[in-house]
Amino acid sequence: MASFKSSLSFILPIALLAASSMVVANAGNFNQDFQITWGDGRAKILNNGELLTLSLDKASGSGFQSKNEYLFGKIDMQLKLVPGNSAGTVTAYYLSSKGSTWDEIDFEFLGNLSGDPYILHTNVFSQGKGNREQQFYLWFDPTADFHTYSILWNPQRIVFSVDGTPIREFKNQESNGVPFPKNQPMRIYSSLWNADDWATRGGLIKTDWSRAPFTASYRNFNANNACVSSNGASSCSSSTSNAWLSEELDLTRQERLRWVQKNYMIYNYCTDAKRFPQGLPTECKS
């Protein structure tokens, strides 16, 4: 699929090119904001807390989590994914609460053979129920440089964005009986792990351990616009204002969202009638 990447460049709008050059301001410090949770030395915080790397080999992957819990926020992280033959690997970056009725907002990057595109897998869990997958190709090589992956989570909606371009919106439809994540504080988690039983072409392509260790890199974490939850109380700080708590997509961003979904979405649970023979989920019908 060598032609895949070249074909993307011909249909990339100028607006997206401008957005992809965004620099995240007021980046956090990994030593202050995160703790490494597993991997036996495979996760490393470097450059005085400005860079974090996760690695995976045949013995183990690695992961980290935020020290803070958040109840709503506008959260950015820059990632550079595993280069080359990343088949079988998954780099997960997500928000999650705990318990049997947990909430979760997922970015998962499914590796692939060299030259084939990564698949960006997204999902939203509310009160322990997920099955809301949307998958995308990206309009750039996510292994060549850092790119910004963002989650806007406010009481009205969840918006997934890449380099400032929205790719998915999950609206609050509690009025239609659809649970929405709004009561459970969530931590930020990330991990790099082996999932070659399903990640690449349904598990047909296995991880090539001769290429190990596999490494993903992180920088420029930003949660300046977020509500930190502690001991049952939530404190909302902001670098500008709390406008993000009621932010919605303006007409320009709605147009970008439609463009991405038309050109790069490769799976949408809301159009998978075979999967839901009793009828599509309620949130898909509005």
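**Exercise 1. Determine how well strand β11 is covered, and on which faces.**

Solution. Begin with the extent of the strand: β11 covers residues 157–162, and 6 of its 6 residues are buried, where buried means under 20% relative accessible area, with a 1.4 Å probe and protein chains only. Strands here are DSSP runs of E with at least two residues, and helices are runs of H or I with at least four, both numbered from the N terminus. Next, separate the two faces: R157, V159 and S161 lie on one side, I158, F160 and V162 lie on the other, and all are buried. This is a predicted model, in which local features need pLDDT of at least 70 and side-chain atom pairs count only at pLDDT 80 or more, while totals for chains, interfaces and linings use all residues. Residues are numbered from 1 along each chain as its sequence is written, and side-chain values use heavy atoms, with hydrogens and water left out.

**Exercise 2. Identify the strands that pair with β11, and describe each connection.**

Solution. Take strand β10 (residues 147–154) to start with: β10 pairs with β11 in the antiparallel sense over 6 bridges, given that two strands pair if DSSP finds at least two bridges between them. Within this pairing S150 stands opposite S161 of β11, and the two strands form a hairpin with 2 residues between them. Then turn to strand β12 (residues 165–171), which runs antiparallel to β11 and is joined to it by 6 bridges. Here F160 stands opposite R168 of β12, and the hairpin of β11 and β12 has 2 residues between the strands, with D163 in the turn showing a positive phi of about 50°.

**Exercise 3. Describe the surroundings of S55 in strand β3.**

Solution. Locate S55 in β3, which comprises residues 51–56, and then check its cover: with a relative accessible area of 13%, S55 is buried. Its side chain reaches the backbone oxygen of R42 at 2.9 Å. Leaving aside residues up to four places away in sequence, S55 touches R42, S60, G61, S62, L192, P213, F214 and T215, where contact means heavy atoms within 4.5 Å.

**Exercise 4. Place these elements in the whole protein chain.**

Solution. Count the secondary structure, which comes to 4 helices and 16 strands, and then consider burial, since buried residues make up 53% of the 286 residues in the protein chain. Finally, examine the contacts with a separation of 6 or more: residues 24 or more positions apart account for 67% of them.

Notes. Buried means under 20% relative accessible area, exposed over 50%, partly exposed in between (1.4 Å probe, protein chains only). A polar contact is a pair of N or O atoms within 3.5 Å; within protein, one must be able to donate a hydrogen and the other to accept it, and residues adjacent in sequence count only if both atoms are side-chain atoms.
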